[in-house]
Amino acid sequence: MTDRAAGLGALCVLAASLLWGTTGTAASLAPAVGSLAIGAAAMGVGGLLQALVAAGHLRRDRMRLRARWPVVLAGAVSVAVYPLAFYTSMRLAGVAVGTVVSIGSAPLASALIERVADGRRLSTHWLAGAGLGLAGTVLLCVARAAGGADATAPRPVAGTVLGLLAGLTYALYSWTAHRLMAGGLSSRAAMGATFGLGGLLLMPVLVATGGPFLDSGRHLAVGAYLAVVPMFAGYLLFGWGLARIPASAATTLSLFEPAVAAVLAVLVVGERLPGPGWFGVGLVGACLAVLTVPVRRRRAAGAAASAVEPASRPEPVR
């Protein structure tokens with residue numbers, strides 16, 4: 001994998017995170033719609049759209065997908081569970097706790113999955129970036145809670161457990177999609193199969209809970225936006241990124257999402273973000289810089305050194 005491809009992959013994930021960061025602001029425009037309906041509409045319809053645009057790739061790669069059905073099924077079940085757990089976590093534990101547990105735990109879960117399943121070593125480079133990002137996300141969400149941005153948290157323990165489940169399933173479907181691509185499938189086929197099947201699993205939930213979407217044109221517009229922009233377009237970008245960088249790096253870069261959500265909450269919704277929250281945004285920015293800029297410089301320096309010293313040692317897996 002070239003530095004240019006890895007850089008493009010990182011930019012795709014960051015662009016996806018930018019789109020995902022708009023979901024909270026959009027969902028706030030439909031307060032009467034429940035968390036299960038929001039999650040099922042966003043990921044369910046978005047997943048079916050993924051499968052629709054990937055129909056040709058799915059037909060061409062159907063034998064490869066059939067041979068890897070356990071990986072596809074694991075990813076699809078994770079896709080179906082993630083939005084239900086994530087949005088319900090925020091309703092039960094509050095936006096701050098639900099966000100930091102769900103998004104913050106995903107890079108750690110992803111690294112653990114890669115360590116156990118793939119034997120990938122955790123470099124100090126990744127650990128430094130993940131540490132900065134996680135610290136920034138915690139500061140950001142705590143500051144939002146202190147500033148009164150959170151709603152009531154009726155069941156914080158249950159919400160925290162669901163947040164951990166959301167982080168695990170996010171990491172798992174990211175890993176399964178990357179595994180399918182590493183096995184020779186295109187990003188369209190891998191994402192179309194995983195998210196299309198996951199979308200089908202979410203349809204009964206949408207039918208059972210999605211009635212409020214039909215109550216007003218605004219609610220319907222919110223549901224359409226969530227499905228088409230952050231979920232469909234966002235996960236197209238995420239799939240392109242996963243084809244070029246490891247799942248652990250992608251989930252760490254997606255810590256950009258809560259930073260975007262916080263800034264939009266201030267600029268659009270009118271929430272107030274205290275000073276520590278802005279410091280948290282800065283830490284997330286530092287995380288993104290650590291994970292994208294320095295690695296290319298070190299590799300360039302290593303390539304120059306190898307031209308002088310042919311007996312250079314291989315660098316660790318990142």
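# Reading a helical model, residue by residue

Mentor: S174 counts as buried, because its relative accessibility is 0% and the cut-off for buried is under 20%. Keep in mind that this is a predicted model.

Trainee: Where does S174 lie?

Mentor: S174 lies in helix 9, which spans residues 156-182.

Trainee: Which backbone oxygen lies 2.8 Å from a polar atom of the S174 side chain?

Mentor: That of Y170. The pair falls inside the 3.5 Å limit for a polar contact.

Trainee: Which residues does S174 touch, not counting those up to four places away in sequence?

Mentor: F238, L242, A247 and T251.

Trainee: Let me try H219. Is H219 buried or exposed?

Mentor: H219 has 11% relative accessibility, so H219 counts as buried. Its place is in helix 11, residues 217-242.

Trainee: What does the side chain of H219 reach?

Mentor: The backbone oxygen of P212, at 3.0 Å. P212 also appears in the contact list of H219, along with L29, A30, A32, V33 and F213. That list leaves out residues up to four places away in sequence.

Trainee: Next, V142. Is V142 buried or exposed?

Mentor: The relative accessible area of V142 is 52%, so V142 is exposed. The threshold for exposed is over 50%. V142 sits in helix 8, residues 124-146.

Trainee: How many residues apart along the chain are V142 and G277?

Mentor: They are 135 residues apart along the chain, yet 7.6 Å separates their C-alpha atoms. Read the two numbers together: one is sequence, the other is space.

Trainee: What separates the C-alpha atoms of F86 and L162?

Mentor: A gap of 6.8 Å, for two residues 76 places apart along the chain. F86 is found in helix 6. With a relative accessible area of 4%, F86 is buried. Set aside neighbours within four places in sequence, and F86 is in contact with G98, T99, S102, I103, A166 and E257.

Trainee: Now the whole chain. How many helices and strands does the secondary structure come to?

Mentor: There are 14 helices and zero strands. Read from the N terminus, every element in the order is α.

Trainee: What percentage of the residues is buried?

Mentor: Of the 318 residues in the protein, 50% are buried.

Trainee: Which share of contacts joins residues at least 24 apart?

Mentor: The figure is 89%, taken among contacts between residues at least 6 apart in sequence.

Trainee: On to helix pairs. At what angle do helix 6 and helix 10 pack?

Mentor: About 45°, with their axes 8 Å apart. Helix 6 covers residues 69-93, and helix 10 covers residues 187-209. The two helices are therefore oblique to each other. Helix 6 passes helix 10 in a right-handed crossing.

Trainee: Which residues meet in this pair?

Mentor: Helix 6 brings V72, L73, G75, A76, V77, V79, A80, P83 and L84. Helix 10 brings A193, T194, F195, L197, G198, L201, L202 and V205. Sorted by class, the contact of helix 6 with helix 10 has 14 nonpolar, three polar and no charged residues.

Trainee: At what angle do helix 3 and helix 6 pack?

Mentor: About 145°, and their axes are 8 Å apart. Helix 3 is residues 35-53. The crossing of helix 3 and helix 6 is right-handed. From helix 3, S35, L36, I38, G39, A40 and M43 make the contact. From helix 6, V79, Y82, P83, L84, Y87, T88 and R91 take part. By class, the contact of helix 3 with helix 6 has nine nonpolar, three polar and one charged residues.

Trainee: One last pair. At what angle do helix 10 and helix 11 pack?

Mentor: About 130°, with axes 9 Å apart. That angle makes helix 10 oblique to helix 11. Helix 10 passes helix 11 in a right-handed crossing. On the helix 10 side are S187, R188, M191 and F195. On the helix 11 side are Y235, L236, F238, G239 and W240.

Trainee: How do the residues of that contact divide?

Mentor: The contact of helix 10 with helix 11 has six nonpolar, two polar and one charged. Note F238 here: it is among the helix 11 residues of this contact, and S174 touches it too.

Terms used
Residues are numbered from 1 along each chain as its sequence is written. This is a predicted model: local features need pLDDT of at least 70, side-chain atom pairs count only at pLDDT 80 or more; totals for chains, interfaces and linings use all residues. Side-chain values use heavy atoms; hydrogens and water are left out. Helices (H or I, at least four residues) and strands (E, at least two) are DSSP runs, numbered from the N terminus. Buried means under 20% relative accessible area, exposed over 50%, partly exposed in between (1.4 Å probe, protein chains only). A polar contact is a pair of N or O atoms within 3.5 Å; within protein, one must be able to donate a hydrogen and the other to accept it, and residues adjacent in sequence count only if both atoms are side-chain atoms. Contact means heavy atoms within 4.5 Å. Axes are lines fitted to C-alpha atoms, for helices over the stretch in contact, and angles run from 0 to 180 degrees between N-to-C directions. Angles under 35 degrees count as roughly parallel, over 145 as roughly antiparallel, 65 to 115 as roughly perpendicular and the rest as oblique. A crossing is left-handed if the near helix is turned anticlockwise from the far one by less than a right angle, and right-handed if clockwise. Ala, Val, Leu, Ile, Met, Phe, Trp, Tyr, Cys and Pro count as nonpolar, Asp, Glu, Lys and Arg as charged, and the others, Gly among them, as polar.
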